[in-house]
Amino acid sequence: MATADITPAQPKGATGVLLLADGTALWGYGFGAAGSAVGEVCFNTSMTGYQEVMTDPSYAAQIVTFTFPHIGNVGANAEDIEGQVESAVGCVVREEVTPHSNFRSQQQFTDWMEAHGKIGLSGIDTRALTRFIRLSGAPNAVIAHAPDGNFDLPELLARAQDWAGLEGMDLAQRVTREAQQDWEGGAWTLEKGYGRAPRDAQPHVVAIDYGAKDNIFRNLVKAGARVTVVPAKASLEEVLAHKPDGVFLSNGPGDPAATGEYAVPVIKALLERDIPLFGICLGHQMLALAAGAKTTKMHQGHRGANHPVQRVAFGEDGGWGETTGLVEITSMNHGFAVDGETLPAGVEQTHVSLFDGSNCGISITGKKAFGVQYHPEASPGPQDSFYLFEKFVGMLG
Ligand SMILES: NC(=O)CC[C@H](N)C(=O)O
């Protein structure tokens, strides 16, 4: 049963609403798919790359508020897809979606959203919503689009209130590939689109897919690796059967502490066997859990393409070299974080966020194992951190 007043009342002409669990209704205009969906509301400050954001599986069970006011300008295409599986359920934007005008566009963003079952809401004061999230934390909400303007508000509110929230939620097993896959995509170029990955390349990286963005695999290929992707719940034996030179731990949605139940024992065993490891985002968080650290839910999270991160230590093999102290501008999408205070002896903090000092990288002493909280593959975002793929592939074999 819903237990809050819904305010303000629906204005004339509204066809979409973001109904927060506390009863606050943000009224606007629906686009994309009709219907409703529940999730945690976050904000992303990227100025470009909305299609990659909306297809990043790490956003499963989330509603993305774009702080950049004009969304839709470059339309949508069949290439800028980061995952074919579940991802953000919807998005909230300031202005009416801009008609597409770009040589790569194949579809209006509104039509693409509809085709992918995602709900859009325009006409929202996204600055006020972002300030609300910064002050009060990321709320649970229902996003709804009814072309005829008819909403069952008590039912929508009950859904927002009954939803358990992301904390304690394991979503990786919902978004992972179910079968092993020989990864075949290479880096994208304007002239040729995506390249092909040579299957005889060395070294061989086995990538555990907790909800991976495809551009990570393309970057591993670009750095010279052959990549075999295995499902989130692959056992140690299944991973080792591929005779990996190194194992990659992917990004993904949900709470790392909940996901770690099946992933962490495998990661621990790989660490014990001295298999080189590289984790990104959720993979970084679970590497930290395997090494004995703790993760926490953040107040508002980090999501955008402009997050400064500083290299603060060399890493075990001195791999950052002279570049310690350097700042990278990074792409980020996380709502949980490794608690830097809980890093045990033998785990070195290699990167920190210059926004809030939170942990952004670790390296395990005596092992070829490291992780970063941010997204070096960009998609979207700056490319300052591509060196990490070369560093990892370079340490194998
Ligand atoms: N991009 C990711 O891998 C996100 C990791 C985790 N789900 C978080 O929100 O912190």
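Where is His375 found, between which strand and which helix? In this predicted model, His375 is found in the loop that runs between strand E19 (369-372) and helix H10 (387-394). UniProt, in an unreviewed entry, lists His375 for the feature "active site", together with Cys281 and Glu377. These residues span 97 residues in sequence, yet no two of their C-alpha atoms are more than 11.2 Å apart, so they gather at one spot.

His375 has 26 other C-beta atoms within 10 Å; a residue is buried if it has 20 or more, and therefore His375 is buried. Leaving aside neighbours within four places in sequence, the contacts of His375 include Thr330, Ser331, Met332 and Asn333. Also in contact with His375 are Asn251, Ile280, Cys281 and Gly381.

Cys281 likewise lies in a loop, in this case between strand E14 (277-280) and helix H9 (282-290). With 30 C-beta neighbours inside 10 Å, Cys281 counts as buried. Beyond its neighbours within four places in sequence, Cys281 is in contact with Ser58, Asn251, Asn333, His334, Gln373 and His375. Asn251 and Asn333 thus appear among the contacts of Cys281 and also among those of His375.

The surroundings of the ligand were examined next. Cys281 is one of the residues that surround the ligand, as are Ser58, Asn251 and Leu282. The ligand is also surrounded by Gly252, Pro253, Gly254 and Pro256, and by Asn333, His334, Gly335 and Phe336. Strand E16 (residues 327-338) gives the largest share of this shell, 4 residues. By class, the shell has 5 nonpolar and 7 polar residues, and no charged residues.

The same unreviewed UniProt entry type also carries a "binding site" feature, placed at Ser58, Gly252, Gly254, Leu282, Gln285, Asn333, Gly335 and Phe336. These positions span 279 residues in sequence, yet no two of their C-alpha atoms are more than 13.1 Å apart, so they gather at one spot. Two of them, Gln285 and Phe336, are described here in more detail. Gln285 is found in helix H9, whereas Phe336 has its place in strand E16. Gln285 counts as buried, with 33 C-beta neighbours inside 10 Å, and Phe336 counts as buried with 22. Leaving aside neighbours within four places in sequence, Gln285 is in contact with Pro256, Thr295, Phe336 and Val338. Under the same condition, Phe336 is in contact with Asp255, Pro256, Gln285, Thr295, Thr296, Lys297 and Met298. Pro256 and Thr295 are therefore contacts of both residues, which are also in contact with each other.

Helix H9 links several of these descriptions. 9 of the 9 residues of H9 are buried, so the helix is largely enclosed by the rest of the structure. Its buried residues include Leu282 and Gln285, both of which belong to the "binding site" feature of the UniProt record. The other buried residues of H9 are Gly283, His284, Met286, Leu287, Ala288, Leu289 and Ala290. Just after H9, Gly292 takes a positive phi of about 105°.

The nonpolar interior was also described. The largest nonpolar core has 109 residues, and those with the most contacts inside it are Leu18, Leu19, Ala141, Leu220, Val227 and Leu287. H9 gives the largest share of this core, 6 residues. The core draws at least three residues from each of domain 1 (16-162) and domain 2 (172-394). For Val227, the contacts beyond four places in sequence are Trp183, Ala197, Val205, Ala207, Phe217, Leu220 and Val221. Leu220, one of these contacts, is itself among the core residues with the most contacts inside the core.

The last set of results concerns the domains. The protein is divided into domain 1 (16-162) and domain 2 (172-394). Their centres, taken over C-alpha atoms, are separated by 27 Å. Across the boundary, 24 residues of domain 1 are in contact with 26 residues of domain 2. On the side of domain 1 that touches domain 2, the elements that give two or more residues are strand E3 (35-44), helix H1 (50-54) and helix H3 (126-136). The largest share of this side, 3 residues, comes from E3. By class, the side of domain 1 that touches domain 2 has 10 nonpolar, 8 polar and 6 charged residues.

Note on methods: Residues numbered from 1 in each chain as written. Predicted model: local features only at pLDDT ≥ 70, side-chain atom pairs only at ≥ 80, totals over all residues. UniProt positions renumbered as here; feature names shortened; annotations may be inferred. Buried ≥ 20, exposed ≤ 12 C-beta atoms within 10 Å, placed from the backbone. Contact = placed C-beta atoms within 7 Å. Near = placed C-beta within 6 Å. Nonpolar A, V, L, I, M, F, W, Y, C, P; charged D, E, K, R; others polar. Core = buried A, V, L, I, M, F, W, Y, C linked by C-beta atoms within 7 Å. Domains from an automatic or database assignment.
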